[in-house]
Amino acid sequence: AKRGMLLAALLPYLLILSSFIGGSYLIIDATAGERERQSIEPLLATPAARGAIVSGKMLAACVIGLLSLLLTLLAFKLSAQIGTGMTRMLDVRLAAIGKMLLVLLPMLFIGTSLLTFLAAAAKSMKEAQSHIVWLMLLPMVPTFVLIINPIKTELWQFAVPFLSQNQLLLKIIRAEPIAPQV
């Protein structure tokens with residue numbers, strides 16, 4: 001039972017964290033790295049709109065993050081299938097993996113957007129990389145609160161970012177039905 005509780009607490013956190021910072025190194029290099037190498041000035045001097053440049057960088061980071069998330073989910077599926085004990089009870093069908101991907105996509109976009117903003121404001125790569133450390137605290141807070149003080153799932157929790165993803169992932173992994181109002 002203790003291993004099951006630990007798995008239920010850590011698995012959503014690892015999946016959320018993986019999606020949240022999946023494209024982080026690309027976006028740091030594409031923003032703060034270009035500023036440090038002084039290659040962003042020639043890029044901004046082109047006739048392309050700045051919004052298009054930033055959107056393109058964010059889109060590239062989201063694609064890399066999506067690939068990272070897909071690999072993480074496939075590794076989770078494979079490890080749950082070959083595992084023993086508690087892992088055999090997890091729902092790892094392709095439909096469940098697809099649901100997990102759908103639940104985690106907003107975290108990918110939120111993480112990429114926040115990191116783009118922070119890396120664009122950073123003066124160097126080191127400063128931008130230091131932002132990842134405290135940015136990872138955002139998905140940690142709901143997970144650790146649930147570990148310390150487990151609460152029954154209620155409708156209001158699905159309006160809170162990170163907490164809603166955590167609760168939905170737990171429902172998907174346990175193969176519990178998800179109510180339509182959620």
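1. In what order do the elements of the protein run from the N terminus on? The order is α-α-α-α-α-α-α-α, and the protein accordingly has 8 helices and 0 strands, where helices (H or I, at least four residues) and strands (E, at least two) are DSSP runs numbered from the N terminus.

2. This is a predicted model, in which local features need pLDDT of at least 70 and side-chain atom pairs count only at pLDDT 80 or more, while totals for chains, interfaces and linings use all residues. Residues are numbered from 1 along each chain as its sequence is written, and side-chain values use heavy atoms, with hydrogens and water left out.

3. Taken along the principal axes, the box filled by the C-alpha atoms is roughly 60 × 30 × 30 Å. Among contacts (heavy atoms within 4.5 Å) with a separation of 6 or more, 70% are between residues 24 or more positions apart.

4. Of the 182 residues in the protein, 42% are buried, that is, under 20% relative accessible area with a 1.4 Å probe, protein chains only. The largest nonpolar core (buried Ala, Val, Leu, Ile, Met, Phe, Trp, Tyr and Cys residues joined through side-chain atoms within 4.5 Å) holds 35 residues, and L15, I28, L73, F76, M100, L104 and L169 touch the most other members. Two or more residues each come from α1 (2-20), α2 (24-37), α4 (50-82), α5 (94-121), α6 (125-135) and α8 (163-173), with α5 giving the largest share, 10 residues.

5. About 10,400 Å² of the protein is exposed, 71% of it supplied by carbon and sulfur atoms, as computed by the Shrake-Rupley method with a 1.4 Å probe.

Notes: Buried < 20%, exposed > 50% of the residue type's maximum accessible area, 1.4 Å probe, protein only.
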